[in-house]
Amino acid sequence: MPLSTPPPAPAGLDAAIDRRYAPLAGAAGSLSCGGALDLAALRPGEHLVDLGCGRGGDVVRAAALVGDQGLAVGVDASEAMLAVARERAAAAPRARFVRGDLASIPLPSGRADVVISNCAINHAPDKAAVYREIHRLLRPGGRCVVSDVVAETVLPEAVRSDPDAWAACYGGAIPEADYLAAIAASGLGGIEVLRRTEPYERGGVRIRSLTLLARRPQEAP
Ligand SMILES: C[S@@+](CC[C@H](N)C(=O)[O-])C[C@H]1O[C@@H](n2cnc3c(N)ncnc32)[C@H](O)[C@@H]1O
């Protein structure tokens, strides 16, 4: 499928995401698929945005790393996740949370030094639109470090049209080459795959996790 035509969202995707993540908000156990924050080389004073922040663990950790002069902002679509995140961040004055969709993020342009995301962008039907938002949020020269899931092949229609498969972090996975092309189409550059797991099976399909780095180019002087 050409990049200019992102796959349609399966009917009922928002409801399926809510069904999956509302109960997981109060549960223990990792929802991540890589170590994006650990590889982001966050420095004191930096402004970070975490897309699909879930229960806010990375935002709280980032807020401690950026210190008094920095800021860490988590974005998520799930109120249940954000409620838990806000509670966890009660003693983290430099952490903030906003509700929003990955493809239309209610934050200002050009402010972030770093955007991270961990196992969230696979849920978005239009990955290129999410990466355009990342490009918009970053200041020129800023970087993104993303852990996400990609598919070994184009997934069968039965999986691509199943909203519960998308909510479970595999139905929305696209092949690595298409994923990297979506990033490049957003205007981000210097794209580098930092880590790539071996393929594994979910719901009868083969996927793997990547952690990648990309930068918003410096603007011409
Ligand atoms: C697998 S969890 C990962 C949470 C967190 N990043 C972590 O590593 O623990 C995916 C998160 O993405 C959020 N999410 C899914 N689709 C979204 C969308 N379209 N816009 C914003 N958040 C979304 C879910 O609510 C959930 O909190």
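These are my notes on an aromatic pair and the largest pocket in this structure, which is a predicted model.

**Entry 1: aromatic rings**

I started with the rings and got 1 aromatic pair for the structure. The partners are tyrosine 131 and tyrosine 179. Their ring centres sit 5.7 Å apart, and the planes make an angle of 80°. I put that down as edge-to-face, because the cut-off for this class is over 60 degrees.

Next I checked where the two tyrosines sit in the chain. Tyrosine 131 belongs to helix H4 (residues 127-137), and tyrosine 179 to helix H7 (residues 176-185). With their positions 48 residues apart, the pair links distant parts of the chain.

Are these tyrosines buried or exposed? Tyrosine 131 has 0% relative accessibility, so I count it as buried. Tyrosine 179 comes out at 1% relative accessible area, so it goes down as buried too. The limit I used for buried is under 20%.

**Entry 2: the largest pocket**

Then I turned to the pockets. The largest pocket has a volume of about 890 Å³. I looked up its lining and got 43 residues, with Gly52, Cys53, Gly54, Asp76 and Ala120 closest to the centre.

Which helices give two or more residues to this lining? I noted helix H1 (13-25), helix H2 (57-66) and helix H3 (79-88). H1 provides the largest share, with 6 residues.

Last, I sorted the lining of the largest pocket by class. My tally reads 17 nonpolar, 13 polar and 13 charged residues.

Conventions:
Residues are numbered from 1 along each chain as its sequence is written. This is a predicted model: local features need pLDDT of at least 70, side-chain atom pairs count only at pLDDT 80 or more; totals for chains, interfaces and linings use all residues. Side-chain values use heavy atoms; hydrogens and water are left out. Rings of Phe, Tyr and Trp (its six-membered ring) pair if their centres lie within 6.5 Å; planes under 30 degrees apart count as stacked, over 60 as edge-to-face and the rest as tilted. Helices (H or I, at least four residues) and strands (E, at least two) are DSSP runs, numbered from the N terminus. Buried means under 20% relative accessible area, exposed over 50%, partly exposed in between (1.4 Å probe, protein chains only). On a 1 Å grid over the protein atoms alone, a cavity is a set of points where a 1.4 Å probe fits but cannot get out, and a pocket is an open set with protein on both sides within 12 Å along at least five of seven lines; lining residues have an atom within 4 Å of a point. Grid points are joined across faces, edges and corners, and a volume is the space filled by probe spheres set on the points. Ala, Val, Leu, Ile, Met, Phe, Trp, Tyr, Cys and Pro count as nonpolar, Asp, Glu, Lys and Arg as charged, and the others, Gly among them, as polar.
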